[in-house]
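Visitor: I would like to know how the terms used for a model like this one are justified. Please take me through a few of them.

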Amino acid sequence: MQTMATAPSTILAKPLGISLLDRIGNTPLLRLDRLTAHLPGVQLLGKVEWVNPGGSIKDRAASSIVLAAIRDGQLTPGKSLLDATSGNTGIAYAMLASAMDFPVVLCMPSNVSPERKNILTAYGAQIIWTDPADGSDGAIRKARELAANDPAKYFYADQYGNENNWLAHYRGTANEIWQQTEGRVTHFVAGLGTSGTFMGTTRRLRELNPAIQCISMQPDSPFNGFEGLKHMATAIVPPIYDPTLANRNIDMPTERAYIMAKRLGKMQGLLVGVSAAGAVAASLDIAEEEARAGREAVIVTILCDSADKYLSERFWTEKTEGEDASKPNHKAAVSSKNLSS
Ligand SMILES: Cc1ncc(COP(=O)(O)O)c(C=O)c1O
């Protein structure tokens, strides 16, 4: 009997497309030119992090943490990844867990938006809800308790204390910014959550050019509308956070971020999340200062996620206090600190 010879495959000779992991990072740098049209000599650029496959900047930290844990034998078959997360990191872990086939357990306050709950359920994550009154710190305490009680069951990823969090930005985000601005970046502005984005990006940018000004932004109050950000004065301070790294910090009122989110939607074609809008508002403060001082500046900020998960919030349709002012509202308290003094 004659068998049919199988011809060597040419169309399947090498895998096509790109893997989910390879799709993380290398995000575009978008010009926010309409926002700074009144400021000659200043360019404001936003790193578009919602193009990551999990929809936020947290894909970078989560993949760095997961890959290091697998490499170092901490996340082994039979163990579950455990962490506390108010949303985006959980989404990133859950996406990676599904794609790479490991179990994931997430502790989070039960008042997270329905959009987030649905996303995590769709990825198949196990969720342990904590009291919303305890905020993200309550979720951290719960994760620590579970990890301490059953260390054999869990790899406690601990995004707040894991060096691989900020290293993702040291190796990725910062070098991308450097290349995308052809080394012309003068200012870097980012919100503080775990602080991984700010710590890692700042450390590397300073190595590349010590003159770059790195400005952190955080909520001006413990009660705020910033998803994923921390009011460091009243929160459990993340072990990876070094408060001496920033040249200065801008305390941002939630209302200013709401106003900026609406402005970006209506005049820049961008629907961004509240934390991203807060970072843009802080960047615009810097842009206006630099323009007033007659200095040229290339300011880069992080647009950590899009508005998708926040569209059910009422501020989009309600008037925000200060919104009617003909000029942007400049309520942010700016504290300045020179590290060399
Ligand atoms: C929407 C959003 N913005 C900003 C951050 C802060 O980033 P980082 O944790 O790197 O400080 C987070 C973190 O969860 C976030 O979810």
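The exchange below concerns a sheet and a helix of this predicted model.

Visitor: What makes β4 and β5 a pair?
Guide: Two strands pair if DSSP finds at least two bridges between them. Five bridges join β4 (residues 104–109) to β5, so the criterion is met. The two strands run parallel, and P109 stands opposite T130 in β5.

Visitor: Why are β5 and β6 called edge strands?
Guide: The order of this open sheet is β5-β4-β3-β6, with parallel pairing. β5 (126–130) and β6 (154–156) each pair on one side only. Neighbouring strands of the sheet are turned by 25° against each other on average, direction ignored.

Visitor: Which helix packs on the sheet, and what does it touch?
Guide: Helix α2 (residues 88–100) does, touching β3 (80–84) and β4. The direction of α2 makes about 165° with that of β4; angles run from 0 to 180 degrees between N-to-C directions, so a value of this kind takes account of direction.

Visitor: How do you know that the length of α5 is close to the expected one?
Guide: The expected span is 1.5 Å times one less than the number of residues. For the 18 residues of α5 (163–180) this is 26 Å, and the helix reaches 25 Å from its first C-alpha to its last. There is also a kink of about 30° in α5, centred on Y170.

Visitor: What makes Y170 a buried residue?
Guide: A residue is buried if 20 or more other C-beta atoms lie within 10 Å of its own. Y170 is listed as buried, as are W166 and W178, among others in α5. The buried residues of α5 pack against β2 (42–48), α1 (58–71), α6 (196–208) and β10 (297–303).

Notes: Residues are numbered from 1 along each chain as its sequence is written. This is a predicted model: local features need pLDDT of at least 70, side-chain atom pairs count only at pLDDT 80 or more; totals for chains, interfaces and linings use all residues. Helices (H or I, at least four residues) and strands (E, at least two) are DSSP runs, numbered from the N terminus. Two residues are in contact if their C-beta atoms, placed from the backbone, lie within 7 Å. The bend at a residue is the angle between axes fitted to the seven residues ending there and the seven starting there. A residue is buried if 20 or more other C-beta atoms lie within 10 Å of its own, exposed if 12 or fewer, and partly exposed in between; C-beta atoms are placed from the backbone.
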